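Colleague: I am new to this one and would like to see how each label is earned. Could you show it to me and then set the values against their definitions?

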Amino acid sequence: MVKRIYSEGASAIIEGVHLEPGSISHIGNGVLEILINPSEDTHRSMFVTKYAAGKLRSVSKDSSTREEEFISTRKIQDYLIAKAKKTQVAIVDISSYETARSEISNLIITKIEDIILQNT
């Protein structure tokens, strides 16, 4: 899907834990990979909130099972962080919405500037 979007010249944001950091940057110089890294407390809150809203179907109704699922989710996040560091993918920690928004905006602007410089 990423290759098709890129080849068509379309813009897209593709997100999800199914994307391994460093796995799509080779597609072209217009690809920007960013790993969002919530603190454990923020991640837990997101996990519980999505469950409560009924939008996260991959978690159990049982609270002890849900805690085990959260621990497994954090292990996946730890793997993704290690992979991002190894492949030099930007990591944005979520300490506040405004800080994360600013960091992501700066990464996008820097990427655009790099593309413009490469094409001049």
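**Labels and their cut-offs**

Modeller: Leaving out residues up to four places away in sequence, arginine 74 touches Pro38, Ser39, Glu40 and His43; contact means heavy atoms within 4.5 Å. The model is predicted, so local features need pLDDT of at least 70 and side-chain atom pairs 80 or more, while totals for chains, interfaces and linings use all residues. Residues are numbered from 1 along each chain as its sequence is written, and side-chain values use heavy atoms, without hydrogens and water.

Colleague: Where does arginine 74 lie?

Modeller: Arginine 74 is in helix α3, residues 63–86. A helix here is a DSSP run of H or I with at least four residues, and a strand is a run of E with at least two, numbered from the N terminus. The protein has 4 helices and 2 strands, in the order α-β-α-α-β-α from the N terminus.

Colleague: Why is arginine 74 said to have no salt bridge?

Modeller: A salt bridge needs a side-chain nitrogen of Lys or Arg within 4 Å of a carboxyl oxygen of Asp or Glu. The nearest side chain of opposite charge, aspartate 78, is 4.5 Å away, so the cut-off is not met. Arginine 74 is nevertheless buried, that is, under 20% relative accessible area (exposed is over 50%, partly exposed in between; 1.4 Å probe, protein chains only).

Colleague: What makes the pair of arginine 74 and proline 38 a polar contact?

Modeller: A polar contact is a pair of N or O atoms within 3.5 Å, one able to donate a hydrogen and the other to accept it. A polar atom of the arginine 74 side chain lies 3.1 Å from the backbone oxygen of proline 38, so the pair falls inside the limit.

Colleague: Which side chain of opposite charge is nearest to glutamate 33?

Modeller: It is lysine 111, at 8.7 Å; glutamate 33 is buried and has no salt bridge. Glutamate 33 sits in the loop between α1 (2–7) and β1 (34–38). Its side chain reaches the backbone nitrogen of glycine 22 at 2.8 Å, and a polar atom of that side chain lies 3.0 Å from the backbone nitrogen of serine 25. Beyond four places in sequence, the contacts of glutamate 33 include Glu20, Pro21, Val89 and Ala90.

Colleague: What makes the nonpolar surface patch?

Modeller: Leu32, Ile108, Ile112 and Ile116 make the patch, about 330 Å². Members have over 30% relative accessible area and no salt bridge, and nonpolar side chains are joined within 5 Å (like charges within 9 Å). Of these residues, isoleucine 116 is in helix α4, residues 97–118.

Colleague: How many of the 120 residues count as buried?

Modeller: The share is 20%.

Key:
Lys, Arg positive; Asp, Glu negative; His and termini not counted. Areas by Shrake-Rupley, 256 points an atom, 1.4 Å probe, with all protein chains shown as cover.
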